[in-house]
Amino acid sequence: TSSAASHKLTLWGYNRLGTTANRIRELLLRMNIGLETMSDLLLDHKTSDGDSFAEVTCRWLNQARQEWEPWIPIETECQAGQGLVDANGVFRSNRSDAMACDWCPEGWQSVEYHDTAGSSYTCEH
């Protein structure tokens, strides 16, 4: 008889992830690993000379950048309550002048903004 090592798959959740770590939430929502890719990863692990799952995953990440790179939200994908800011933290009205997102100050309004890169938010006084 032979016994295979077991690996527990778990479900992780946090009901405020969207407001406390929106970029992580967006990454998780975009992640999509198909059955064929998963089978390839498991086969790679099984046929490798003792490589760990971490080593197999790292190898896949290095070889399949075109698959996972679209999962990563861009820095200027702001969420409601935030707005586009430049490198100095000054609020901007469009993405072309912006580098990141920051929370709108009290008394300001977060307004949805659309452009060719998708949707985001700006802070308006």
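Me: Relative accessible area sorts residues as buried (under 20%), exposed (over 50%) or partly exposed (in between), with a 1.4 Å probe and protein chains only. What makes phenylalanine 53 count as partly exposed?

Reply: Phenylalanine 53 comes out at 31% relative accessibility, which falls between the 20% and 50% limits, so partly exposed is the right word. Phenylalanine 53 sits in helix α4; helices here are DSSP runs of H or I with at least four residues, strands are E runs with at least two, and both are numbered from the N terminus.

One thing before we go on: this is a predicted model, in which local features need pLDDT of at least 70 and side-chain atom pairs need 80 or more, while totals for chains, interfaces and linings use all residues. Residues are numbered from 1 along each chain as its sequence is written, and side-chain values use heavy atoms, leaving out hydrogens and water.

Me: How many helices and strands does the chain have?

Reply: There are five helices and four strands. Read from the N terminus, the order is α-α-α-α-α-β-β-β-β. Of the chain's 125 residues, 25% count as buried.

Me: Why is serine 48 called buried?

Reply: Its relative accessible area is 16%, and that is under the 20% limit, so serine 48 is buried. You'll find serine 48 in the loop between α3 (35-47) and α4.

Me: What lies 3.0 Å from a polar atom of the side chain of serine 48?

Reply: That's the backbone oxygen of histidine 45. A polar contact takes N or O atoms within 3.5 Å (within protein, one able to donate a hydrogen and the other to accept it; sequence neighbours count only through side-chain atoms on both sides). At 3.0 Å, this pair is inside the distance limit.

Me: What makes tryptophan 60 and tryptophan 71 an aromatic pair, and why tilted?

Reply: Rings of Phe, Tyr and Trp (its six-membered ring) pair if their centres lie within 6.5 Å; planes under 30 degrees apart are stacked, over 60 edge-to-face, and the rest tilted. Tryptophan 60 and tryptophan 71 are 6.3 Å apart, centre to centre, with 35° between the planes. The distance is within the limit and the angle falls in the leftover range, so this is a tilted pair. Tryptophan 60 belongs to helix α4 (residues 53-63) and tryptophan 71 to the loop between α5 (65-68) and β1 (82-85), so the pair ties together parts 11 residues apart in sequence. Both tryptophan 60 and tryptophan 71 are buried.

Me: Why is the pair of phenylalanine 91 and tryptophan 108 called tilted?

Reply: Here the ring centres are 5.4 Å apart and the planes stand at 40°, so tilted fits again. Phenylalanine 91 is in the loop between β1 and β2 (100-103), tryptophan 108 in the loop between β2 and β3 (109-115), so parts 17 residues apart in sequence are tied together. Tryptophan 108 is partly exposed, at 31%. The structure holds two aromatic pairs.

Me: How do you know that the side chains of glutamate 75 and arginine 23 meet in a salt bridge?

Reply: The rule asks for a side-chain nitrogen of Lys or Arg within 4 Å of a carboxyl oxygen of Asp or Glu. Glutamate 75 and arginine 23 come to 3.1 Å, N to O, so they pass. This pair links distant parts of the chain: glutamate 75 is in the loop between α5 and β1, arginine 23 in helix α2 (residues 22-30), 52 residues apart. Glutamate 75 is partly exposed at 45%, and arginine 23 is too, at 36%.

Me: What separates arginine 30 and glutamate 26 in helix α2?

Reply: They're four residues apart, about one helical turn. Their closest N and O atoms are 3.6 Å apart, a salt bridge. Arg25, Glu26, Arg30 and Glu77 are linked in a salt-bridge network.

Me: Which residues does arginine 30 touch, not counting those up to four places away in sequence?

Reply: Pro70, Trp71, Ile72, Pro73 and Glu77, where contact means heavy atoms within 4.5 Å. Arginine 30 and tryptophan 71 are 41 residues apart in sequence, yet 5.0 Å apart C-alpha to C-alpha.

Me: Why is aspartate 86 called buried?

Reply: Aspartate 86 has 13% relative accessibility, under 20%, so buried it is. Its side chain meets arginine 92 in a salt bridge of 2.8 Å, N to O, and arginine 92 is partly exposed at 32%.
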